[in-house]
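Please examine the structure shown below with attention to its aromatic rings. The paragraphs that follow explain how these rings are arranged.

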Amino acid sequence: MVDALKKVAIDEPEIATRRFGLIVIGDEILSGRRQDKHMSKLIELLTERGLSLSWAKYVADDPDQITATLKESFASGDVVFSTGGIGATPDDHTRQCAALALGTKIELHPTARELIAGRIQSTAEGDPVKADLNTPENQHRFKMGEFPIGSEIIPNPYNQIPGFRIREHHFVPGFPVMAAPMMAWSLDTHYKDLFHQENWAEQSFIVPKGIESVLTPLMERIEASFPGVKVFSLPSVGDASRGGVYADRHIELGIKGNANLLESAWSALRTGTQELGYEIHDIS
C-alpha cells in the first residue's frame with residue numbers, strides 16, 4: 001500500500017464540534033399525507049453556516065413516543081430542532097411532552113401571552129367580540145404560549161405565535177414557512193460562535209463496477225490512518241438516462257472532513273483503489 005496510508009495528520013488542532021439533530025413530529029409525515037420539508041431546509045441553513053446535520057428522527061403524534069424521544073435527545077447534549085405539535089389542538093402534544101421529559105410542568109410564558117394577545121387584537125379588525133381576550137376561543141389560543149418552565153421565546157415573524165427554546169432544544173411549528181425563519185434565527189442568535197469553525201470539504205470519484213466488500217478494507221484503513229476523515233461509498237445500479245460511466249453499475253467513493261486533512265487521505269484513497277485493479281473516473 002502506498003506510503004501515504006501510513007501518514008497521519010498530527011499537526012492540525014482538534015476542533016470541538018457540536019452535533020445538530022432534527023426531530024420531525026406528525027402523523028401526516030409518517031402516513032405520507034405530507035412530505036417533510038424540514039430536513040432539507042435545516043441542512044441548507046446549517047451548510048450556509050459551516051455546520052452539518054448529524055441525525056434526524058421522525059415521530060408520530062404519540063405522547064409516549066415523543067416523550068421518550070425527547071428524554072433521549074435532552075440527555076445527548078446535542079443542539080436539536082423539533083418541528084410540529086406545538087399548537088393547541090388535541091393532537092398537539094410536544095409542549096407537554098417536553099415538560100414531562102424534563103420533569104417539569106408547562107406554564108403560560110408572559111412574553112408569549114403578550115405576543116398571542118397582540119395577534120388576537122390585530123386579526124380582530126376592530127370587532128370587539130373577536131378582540132375580547134376573555135372569550136373561550138381566545139383563552140384557548142393562549143395555550144399555544146404554555147411552555148415548559150424555564151423556556152425562552154423563539155420569535156415567529158410569520159404570525160407572531162412564538163416557539164420556545166429550552167436545554168438547547170428549539171421547538172418550532174410544523175409549517176415550513178414558519179419553521180425555516182425560526183430555525184435560522186435560533187442559529188444566528190445562539191450559535192454564531194460555531195459558524196465556519198471547520199473548513200469542511202468533500203471529494204469523490206466514480207469506480208465503475210466497484211464492489212463494496214472489496215473496497216471496505218481500504219476504506220477502513222483510510223479512516224484509521226487519517227483521524228478526522230470519513231470515507232463514504234454510494235453504490236448505484238446504474239442510470240441509463242445519465243449515460244457514460246453513470247449508465248452501468250458503479251460506486252461513488254469519496255472522503256469528507258476538514259479540508260486541511262484531506263489531501264493525503266485523498267491521495268491514499270485514489271492510489272489504494274487503483275491498486276485494487278479499479279479504474280477511477282473523476283467527477284466534473
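A residue is called buried if its relative accessible area is under 20%. The model discussed here is predicted. Phenylalanine 164 has a relative accessibility of 0%, and therefore counts as buried. Phenylalanine 171 also has a value of 0%, so this residue is buried as well.

These two residues form an aromatic pair. A pair of aromatic rings is described by the distance of the centres and the angle of the planes. For phenylalanine 164 and phenylalanine 171, the centres are 4.4 Å apart and the planes meet at 10°. Planes under 30 degrees apart count as stacked, and the pair is accordingly described as stacked. Ring pairs also bring in Phe147, which forms a cluster with Phe164 and Phe171.

How many aromatic pairs does the structure hold? There are four. One of them joins phenylalanine 20 and tyrosine 191; because the ring planes stand at 80°, with the centres 6.0 Å apart, this pair is edge-to-face. The two partners belong to distant parts of the chain, 171 residues apart. Phenylalanine 20 lies in strand S1 (residues 20-25), whereas tyrosine 191 lies in the loop between helix H8 (176-190) and strand S9 (200-208). Phenylalanine 20 has 1% relative accessibility and so counts as buried; tyrosine 191, at 3%, is therefore buried too.

Aromatic rings may also have charged side chains as partners in this model. Lysine 57 lies over the face of tryptophan 55, at 5.3 Å from the ring centre. Arginine 113 is placed over the face of phenylalanine 142, at 4.6 Å from the centre of that ring.

Terms used. Residues numbered from 1 in each chain as written. Predicted model: local features only at pLDDT ≥ 70, side-chain atom pairs only at ≥ 80, totals over all residues. Heavy atoms only, no water. Phe/Tyr/Trp six-rings, centres within 6.5 Å; stacked < 30°, edge-to-face > 60°. Helix = DSSP H or I, 4+ residues; strand = E, 2+ residues; numbered from the N terminus. Buried < 20%, exposed > 50% of the residue type's maximum accessible area, 1.4 Å probe, protein only. Lys NZ or Arg CZ within 6 Å of the ring centre and 35° of its normal.
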